[in-house]
Every structure is written in C-alpha cells, then in structure tokens.
Amino acid sequence: MNTVAVRSAIAAAAAFAAFAAPGIAAAAPNLHGDPTTPGTQVQVESEPGDSNSYTCGAVGVAGAGVGSNSSGGAGSVNGAYFGPGPVQGGCVGSDGSVYFPTGNAE
C-alpha cells in the first residue's frame, strides 16, 4: 500500500469516527456516583432501552476500580476511591462494543 492510500484510509477512518460517534454514544453506558450511599463510589449504568451488560474499569484522581452491570441496569465499579472526583472509564459491552465514558466518583 502506498503512502497516499494509507493517508486516505486514516483520513476516512477519522471522518467516520467523527460522524458516527454521536449516534453510537447514545447507547453508551455512563459512570456516576451514588451520593445516597456512604463512602465514595462509582456505578456503571446502561442507557434506557439498552439491553447490553457492560464490564468497566474506571481510573481517576481519587482512585480506581472495576465492575459490571446487569443487562439494562446499574452495577458497582468496585475499587479504592479516596474521595470525590472525575473518573475516566473503559467499558466492553456484551455485544463486543467498546466505550470510554467519563463520570464522577461521589
């Protein structure tokens, strides 16, 4: 493959990601804390109507954890969180989809 073809393929992939990501993100899991439960924690939750379960890891300034949720529900991302703060997650869906949600430990 020559240089022009490689650059064209990279540009096409980047353009696809820029236009496809907003539609794909609608079904992405989200990460959030639960302020009604004592201690700092993170939960992963599916969007309404999403039948996938997700296994996620979350890393933030205040700690890290891993966990999963049931199909269409919420689940704990267990780990050591030393206080509230932003977290960056990486999730794999039961259908093989991959997402990188952000959220907060609370």
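These questions and answers walk through strands, contacts, core and cross-links in a predicted model. Local features need pLDDT of at least 70 and side-chain atom pairs count only at pLDDT 80 or more, while totals for chains, interfaces and linings use all residues. Residues are numbered from 1 along each chain as its sequence is written, and side-chain values use heavy atoms, with hydrogens and water left out.

Q: Which residues does the disulfide join?
A: A disulfide here is a pair of cysteine sulfur atoms within 2.5 Å. By this rule the count is one disulfide. Its S to S distance is 2.0 Å. The joined residues are C56 and C91.

Q: How many residues apart in sequence are the parts that C56 and C91 tie together?
A: Strands (E, at least two residues) and helices (H or I, at least four) are DSSP runs, numbered from the N terminus. C56 lies in strand β3 and C91 in strand β6. The pair therefore ties together parts whose separation in sequence is 35 residues.

Q: What is the angle about the S-S bond of C56 and C91?
A: Both cysteines are buried, that is, under 20% relative accessible area, where exposed is over 50% and partly exposed lies in between (1.4 Å probe, protein chains only). Their link is right-handed. The angle about the S-S bond is 115 degrees.

Q: Why is the pair of Y54 and Y99 edge-to-face, and what is the angle between the planes?
A: Rings of Phe, Tyr and Trp (its six-membered ring) pair if their centres lie within 6.5 Å; planes under 30 degrees apart count as stacked, over 60 as edge-to-face and the rest as tilted. One aromatic pair meets this rule. The ring centres of Y54 and Y99 are 6.0 Å apart, and the pair is edge-to-face because the planes stand at 70 degrees.

Q: Which strands hold Y54 and Y99?
A: Y54 and Y99 are both buried. Their pair ties together parts 45 residues apart in sequence. Y54 lies in β3, and Y99 in β7 (residues 98–99).

Q: Which strand gives the most to the largest nonpolar core?
A: A nonpolar core is a set of buried Ala, Val, Leu, Ile, Met, Phe, Trp, Tyr and Cys residues joined through side-chain atoms within 4.5 Å. The largest has 13 residues, and L31, V42, V44, V77, Y81 and V87 touch the most other members. β3 (54–60), β5 (74–81) and β6 each supply at least two residues. The top contributor, with three residues, is β3.

Q: Is Q41 buried or exposed?
A: Q41 sits in the loop between β1 (30–32) and β2 (43–45). Beyond four places in sequence, its contacts (heavy atoms within 4.5 Å) include H32, S76, Y81 and E106. Y81 in turn touches Q41, V42 and V87, among others. With a relative accessible area of 15%, Q41 is buried.

Q: Which residue in β5 stands opposite V66?
A: Two strands pair if DSSP finds at least two bridges between them. β4 (residues 63–68) and β5 pair in the antiparallel sense over five bridges. They form a hairpin with five residues between them, and G72 in the turn has a positive phi of about 75 degrees. Opposite V66 stands N78.

Q: Which residue in β5 stands opposite Q43?
A: β2 and β5 pair in the antiparallel sense. Three bridges link these strands. Opposite Q43 stands S76.

Q: What is the relative accessible area of V92?
A: V92 lies in strand β6 (residues 85–93). Its contacts beyond four places in sequence are S53, Y54, T55, S97 and V98. V92 is partly exposed, with a relative accessible area of 45%.
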